[in-house]
Amino acid sequence: MDLKLQIPNATLPSGSVLIKQAEPVPPDAPKLGNAMRRRSRASSMSEYSGRPDEPARNASRVRWSSAALRAAGFGCLWLVLAGAQVGDIPAAVAAVVAATWTSLYFLEPSSARRSLPAVARLVLLFLYHSVVAGLDVAGRALNPRLPLHPGFLAYPTQLSRGVRQNVFTTLTSLLPGTVPAGEESGHIIYHCLDITQPVLADLAAEEAALVRALYND
């Protein structure tokens, strides 16, 4: 059975024709409407149930755990340097609190995971590159022709500026034949004794090993 479409409190202009025809309403329409409203209410409740606050809670948990570990480390350092004296407890507490706050301010805690196997591989890779580069530099120095091709190379690091780049440049500065000389447009500038060698590939391998060992976010 067809139903007439009614528009309350509305008048059609003269000459206009209403050609749309309403479809029959199914018997279970109220049930469907109620079910849709219940689903919408449930989704809204789940959306605002506090789940978006999880990252903030995780960051706060990481910060407090890092603060506790640093405070314990500074406390042990105080005991080593000053000894355990009851009269020194107020000064020790003040020193530990000040040192912990300063370390958190200048070196924010990170949620990066450390991997002992990756750290071991990083150490082995560093030793390998150190030995190979050291022998190469020694061979060039003892060669009467002094086969050198010095120059600068720009390495496009993926590490963020600050502590991570400083750790990487400190690590690579210990390798013979390469010295970090600055930064430009997100690239670390290296001075190399021989730019024809695969310096960039070696730096990329060192960075990948460092990320797997210390900065596996």
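## Salt bridges, a sheet and a helix

A network of salt bridges links D136, R140 and D194. The structure is a predicted model, and a search through the whole of it finds three salt bridges. Side chains of opposite charge can pair when their charged atoms come close. The table gives the pairs with their N to O distances.

| Acidic residue | Basic residue | Closest N and O atoms |
|---|---|---|
| D136 | R140 | 2.8 Å |
| D194 | R140 | 2.6 Å |
| E183 | R161 | 3.5 Å |

**The network.** D136 and R140 are four residues apart in helix α4, so about one helical turn separates them. An α-helix has 3.6 residues a turn, so residues three or four places apart point the same way. R140 also forms a salt bridge with D194. This pair links distant parts of the chain, since R140 is in helix α4 and D194 is in the loop between β3 and α6, 54 residues apart. Are these residues buried or exposed? R140 is buried, with a relative accessible area of 9%. D194 also counts as buried, at 7% relative accessibility. D136 is partly exposed, with a relative accessible area of 33%.

**The remaining pair.** E183 and R161 meet through their side chains in a salt bridge. This pair too links distant parts of the chain: E183 belongs to strand β2 and R161 to the loop between β1 and α5, 22 residues apart. E183 is partly exposed at 39% relative accessibility, and R161 is exposed, with a relative accessible area of 67%.

**The sheet.** Strand β2 is part of an open sheet of three strands, ordered β1-β3-β2, with antiparallel pairing. β1 (151–155) and β2 (178–184) are at the edges and have a single partner strand each, so one side of each lacks a neighbour in the sheet. On average, neighbouring strands of this sheet are turned by 30° against each other, direction ignored. Six bridges join β2 to β3 (residues 187–192); V179 has H191 in β3 as its bridge partner.

**The helix across the sheet.** Helix α6 (residues 199–214) lies across β1, β2 and β3, and runs at about 40° to β1. The 16 residues of α6 reach 22 Å from the first C-alpha to the last, close to the 22 Å expected at 1.5 Å a residue. Which residues of α6 are buried? They are V199, L203, E206, E207, A209, L210 and A213. These residues cover an arc of only 165° around the axis, so they are on the same side of α6. What covers them includes α4 (116–142), β1, α5 (163–173), β2 and β3.

Technical notes: Residues are numbered from 1 along each chain as its sequence is written. This is a predicted model: local features need pLDDT of at least 70, side-chain atom pairs count only at pLDDT 80 or more; totals for chains, interfaces and linings use all residues. Side-chain values use heavy atoms; hydrogens and water are left out. Two strands pair if DSSP finds at least two bridges between them. Helices (H or I, at least four residues) and strands (E, at least two) are DSSP runs, numbered from the N terminus. Axes are lines fitted to C-alpha atoms, for helices over the stretch in contact, and angles run from 0 to 180 degrees between N-to-C directions. Contact means heavy atoms within 4.5 Å. The expected span of a helix is 1.5 Å times one less than its number of residues. Buried means under 20% relative accessible area, exposed over 50%, partly exposed in between (1.4 Å probe, protein chains only). The arc is that of the directions from the helix axis to the C-beta atoms. A salt bridge is a side-chain nitrogen of Lys or Arg within 4 Å of a carboxyl oxygen of Asp or Glu.
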